[in-house]
Amino acid sequence: MYYEIREVESYTLQLSLENGKFEKPRLSRFSGKSFRVLKNGFWGYVAGDYSVKEGLERAERLAIHEGNSEIDDCPFNGKVVFRAEKDFEDVDLEEKVQLLRDVDERLKREGVVSRRVVYIESLKRVRIENSSGGEVFCQVPRCGAVLQAFAKGKSLQFYSERHMKAGGYEIALSALNSAEKVSEIAVRLSNADPPPSGRMNVIMNPSLTGVFIHEAFGHAAEADHVLQNSSVLKDRIGSTVAEEGVNVVDDPALPEFGYFPFDDEGYRAEKKMIIENGVLKSFLNSRETAKRVGGVAGNGRADGIEIPIVRMSNTYIEAGDHSFDELLEEAKNGVVLYGSRGGETNPATGYFHFNAQYGYLIEHGGIKDMIRDVSLSGNTLEILKEIRLGRDVSFSPGFCGKAGQLVPVSDGGPFALVRAFVGGK
Amino acid sequence: MMHINADGWEIYEESVRSRYVSIENGKIKMIGEKKDSGKALRVIKNGRTAMVSGKTISHDLIDRAIKIARISEERLQEFPERKRLKDVKVYGIKLDDFDENAIGDAGERLEIEGVSSAYFYVEEIVRRIENSNGVDYEERESCAGVFVEAVVDGGNAYEYQESRRFDFEPEKIAERAIELARIDSRAEKIDTGKYSVTLSPIAVDQLLTFSLYPAFYTENIKKGRSLLSEFMGKSVLGDLTITDDPEIDYGINSCSFDDEGVRAEKKILVEKGVIKGGISDLIHADGFPTGNGFREDYSSYPATSPTNMVLDFPERGDAEGMYIHAFIGAHTANYVSGDFSLELMNASVDGKGIKGAMIYGNIYEFLRKISHFGRDVRQTGNTITPEIVFEDIEIKI
């Protein structure tokens with residue numbers, strides 16, 4: 001019998017400024033425990049505030065069936081406390097609110113009808129021990145700000161940016177620099193027209209490339225989907241799934257928003273090459289999928305005391321060798337799209353759909369009018385077979401939802417030229 | 001009762017107990033249970049408010065709440081007063097009747113070839129709210145649900161059902177998902193063009209939840225994030241009627257009071273196409289909250305949310321044309337403008353699956369193209385509706 005005990009403590013402070021008004025201040029503390037037992041290949045899982053003895057007894061009592069689950073029970077021991085440059089606990093509440101005011105001031109502009117700035121700080125402490133002798137502890141602070149401007153012109157539009165990372169107050173301070181850009185884009189967007197629709201050349205900016213690789217490819221590389229028989233990548237390890245030169249990586253060790261030193265199964269986190277030079281090298285794994293599908297565990301993550309499931313961390317496409325001008329020239333006609341309003345994918349078929357925040361028409365290799373309400377869809381594997389990559393990678397933070405659980409992640413990549421379906425009028 | 005040095009206070013408490021079973025690739029894999037509870041305190045100090053939450057409300061948390069409230073600009077004069085609540089049935093299953101054996105039995109009903117993943121759960125929630133204005137309400141509610149994802153020959157689909165009672169058959173939900181996946185496995189491309197389109201209740205809920213419902217929130221109307229400020233009192237939605245009704249016995253979002261202690265009541269939002277009103281939480285209500293302030297869990301700030309949105313239309317008839325079971329990416333719709341462009345999931349014409357098609361438009365124009373409603377009403381998410389048939393809808397490949 002294998003068992004695992006997890007204790008989670010978290011703290012979150014969220015401050016919002018809505019049209020200059022300091023609203024919805026919220027401070028929350030959470031603590032909880034979970035216990036799980038694997039017996040006869042079947043899992044019993046208990047989340048609740050029980051003693052170790054009672055929690056494990058309850059979990060064992062639930063493991064009444066027989067199943068085919070197995071795990072890599074490799075023990076890890078260690079303690080990691082992530083040190084921020086500027087601890088947010090050393091900054092007064094008043095100073096944080098003033099930062100929001102400074103950002104908000106820079107969001108003001110003719111045409112902007114509504115503004116929102118949100119400051120978030122959080123601290124998560126997790127302790128995990130298991131029956132094979134592993135015991136890990138980690139403490140990770142996360143901090144940052146979300147900026148949003150609504151503008152009214154020919155239509156009502158909004159644009160937003162998130163600046164969030166593992167770290168301290170320094171991350172939130174960096175938001176000051178992008179406030180003017182956020183309001184400027186919102187205003188221009190409110191006077192933009194919808195794009196043409198149809199299959200065309202699309203240059204995705206780093207943020208959108210990141211969302212693409214996360215949504216459209218990363219989820220299919222999560223090995224629980226392989227066990228569920230619901231991944232288009234099932235049986236594809238070792239085969240070519242992307243154009244030569246394409247490398248896709250998941251790296252929890254990067255100090256981005258998806259950072260963690262040990263996953264929520266107490267397994268050491270490390271960089272994984274998912275695609276190397278166009279070839280599918282490995283899936284992302286939990287302790288169970290690593291044992292059953294093959295691969296290295298370390299991507300089992302949980303929202304609070306929910307059950308850990310296979311998740312991404314900081315996922316990105318490595319840079320290629322095209323300059324932005326070369327990508328434009330190669331595209332000739334089409335669109336260049338920036339940012340994401342979220343997306344969704346079907347890992348079973350590889351079809352994805354997401355909306356960009358804004359874009360521009362490309363005509364004869366040059367950037368023309370701005371476009372709004374533009375969506376992008378296609379089939380992942382078809383797109384990866386023909387992709388041109390730019391030179392610089394950057395990351396965008398977000399919260400990824402799966403099976404009702406939200407975890408912090410970041411996605412990244414360079415500018416990338418693909419052929420996909422663009423939706424518009 | 002501990003001492004709270006504020007002009008007004010409110011304590012919201014939520015206790016959740018649940019038991020569930022999960023299925024992986026046609027085989028039962030795990031039984032789990034959860035017991036969690038927590039409290040949130042809101043205080044009012046000089047007409048300003050702040051919120052803190054935790055497993056318990058310690059003196060330190062109370063102090064932090066008051067400190068934040070002093071500089072907060074979230075204005076609130078007082079918490080709601082006690083009122084006589086309406087009697088609504090929301091407790092229809094006992095969790096204690098579902099021990100590990102009973103939950104396991106329900107899981108075995110989902111051990112069907114083609115089920116790639118599934119879960120079945122039973123949950124009991126007790127909500128309690130108390131405030132300095134005399135409110136002290138408590139409600140025990142239950143929920144059971146099943147979610148199934150199916151994969152057949154590379155085709156894929158999902159289906160789900162939630163209810164306050166165990167009044168559904170899990171295997172029927174699984175069979176429906178498998179049938180949709182089978183149709184999907186033989187999906188083919190169709191031509192771009194205009195079609196009559198029938199949306200399933202799931203598709204209707206997905207579309208309206210993200211493109212329309214937030215436009216009814218008083219907060220969005222006041223902050224220039226909703227077109228309804230222009231449309232109020234005008235006929236803009238054809239013959240459609242929409243009611244927000246928390247008073248329906250065993251409705252998934254039925255309740256006798258919201259998570260801010262405001263009595264829940266039925267409201268007509270759209271009557272035969274005419275926009276009649278909005279919904280609001282306490283903070284944005286200008287003194288007239290509609291009983292629509294809800295918390296995702298005890299630690300989230302109350303925010304406006306619909307309860308059961310009941311859709312009605314004068315004409316009833318059969319499904320026609322292209323049938324759309326669900327959308328991919330519904331949350332990307334823009335409620336500010338009403339524009340959406342969505343990928344279809346499990347769409348079919350005459351039982352033949354369609355591959356890689358998209359629908360796009362503006363929700364206000366779209367809802368004027370309703371031809372008729374179907375006959376079998378079902379609740380999914382916040383929406384209670386039958387299938388809805390639309391005419392003259394452009395589908396792009």
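**Exercise 1. The cover over a helix**

The buried residues of α8(A) are covered by elements that include β8 (198-204), β16 (351-363), β17 (366-371), β19 (388-389) and β22 (416-423) of chain A. The model is a predicted one. Work out which residues of helix α8 (residues 324-331) of chain A are buried, and which are exposed on the other side.

*Solution.*
- Step 1. Use the cut-off: buried means under 20% relative accessible area, and exposed means over 50%.
- Step 2. Pick out the buried residues of α8 in chain A: A:L327, A:L328 and A:A331.
- Step 3. Look down the axis of α8(A). The buried residues fall within an arc of 100 degrees, so they line one face of the helix.
- Step 4. Turn to the other side of α8(A). There, A:D325 and A:E329 are exposed.

**Exercise 2. Positive phi**

Find which residue follows α8(A), and state its phi. Then do a similar check on A:N19.

*Solution.*
- Step 1. Recall the background. Most residues other than glycine have a negative phi.
- Step 2. Go past the end of α8(A). A:K332 follows, and its phi is positive, near 65 degrees.
- Step 3. Place A:K332. The residue is in the loop between α8 and β15 (334-346) of chain A.
- Step 4. Move to A:N19. Its phi is near 50 degrees, again a positive value in a residue other than glycine.
- Step 5. Place A:N19. The loop between β1 and β2 (21-39) of chain A holds this residue.
- Step 6. Classify A:N19. Its relative accessibility is 29%, so A:N19 counts as partly exposed.

**Exercise 3. Two helices that pack**

Describe how helix α2 (residues 93-107) and helix α4 (residues 179-190) of chain A pack. Which residues meet between α2(A) and α4(A)?

*Solution.*
- Step 1. Take the geometry. The two helices, α2 and α4 of chain A, pack at an angle of about 35 degrees, and their axes are 7 Å apart.
- Step 2. Give the handedness. The crossing of α2(A) with α4(A) is right-handed.
- Step 3. List the residues. From α2(A) come A:V103, A:R106 and A:L107; from α4(A) come A:A179, A:E180, A:V182 and A:S183.
- Step 4. Sort them by class. The contact of α2(A) with α4(A) has 4 nonpolar, 1 polar and 2 charged residues.

**Exercise 4. Distance along the chain and in space**

Find how far apart A:T12 and A:L27 are, in sequence and in space. Repeat for A:E110 and A:M312.

*Solution.*
- Step 1. Locate A:T12. This residue belongs to strand β1 (residues 2-18) of chain A.
- Step 2. Compare A:T12 with A:L27. They are 15 residues apart in sequence, and their C-alpha atoms are 5.7 Å apart.
- Step 3. List the contacts of A:T12, leaving aside neighbours within four places in sequence. They are A:R26, A:L27, A:S28, A:I120, A:E121 and A:S122.
- Step 4. Locate A:E110. The loop between α2 and β5 (112-130) of chain A contains this residue.
- Step 5. Check its surface. A:E110 has a relative accessible area of 74%, so this residue is exposed.
- Step 6. Compare A:E110 with A:M312. They are 202 residues apart along the chain, and their C-alpha atoms are separated by 40 Å.

**Exercise 5. The whole chain**

How many helices and strands does chain A have? What is its radius of gyration?

*Solution.*
- Step 1. Count the elements. Chain A has 9 helices and 22 strands.
- Step 2. Test the radius of gyration. A compact globule of 425 residues would have a value near 22 Å; chain A has 23 Å, which agrees.
- Step 3. Add the dimensions. The C-alpha trace of chain A spans about 65 × 55 × 30 Å along its principal axes.
- Step 4. Add the burial. Of the 425 residues in chain A, 64% are buried.

How values were computed: Residues numbered from 1 in each chain as written. Chains lettered and ligands numbered in written order. Predicted model: local features only at pLDDT ≥ 70, side-chain atom pairs only at ≥ 80, totals over all residues. Heavy atoms only, no water. Buried < 20%, exposed > 50% of the residue type's maximum accessible area, 1.4 Å probe, protein only. Helix = DSSP H or I, 4+ residues; strand = E, 2+ residues; numbered from the N terminus. Arc of directions from axis to C-beta. Contact = heavy atoms within 4.5 Å. Axes fitted to C-alpha atoms, helices over the stretch in contact; angles between N-to-C directions. Left-handed = near helix turned anticlockwise from the far one by under 90°. Nonpolar A, V, L, I, M, F, W, Y, C, P; charged D, E, K, R; others polar. Rg over C-alpha atoms; globule rule 2.2 N^0.38 Å.
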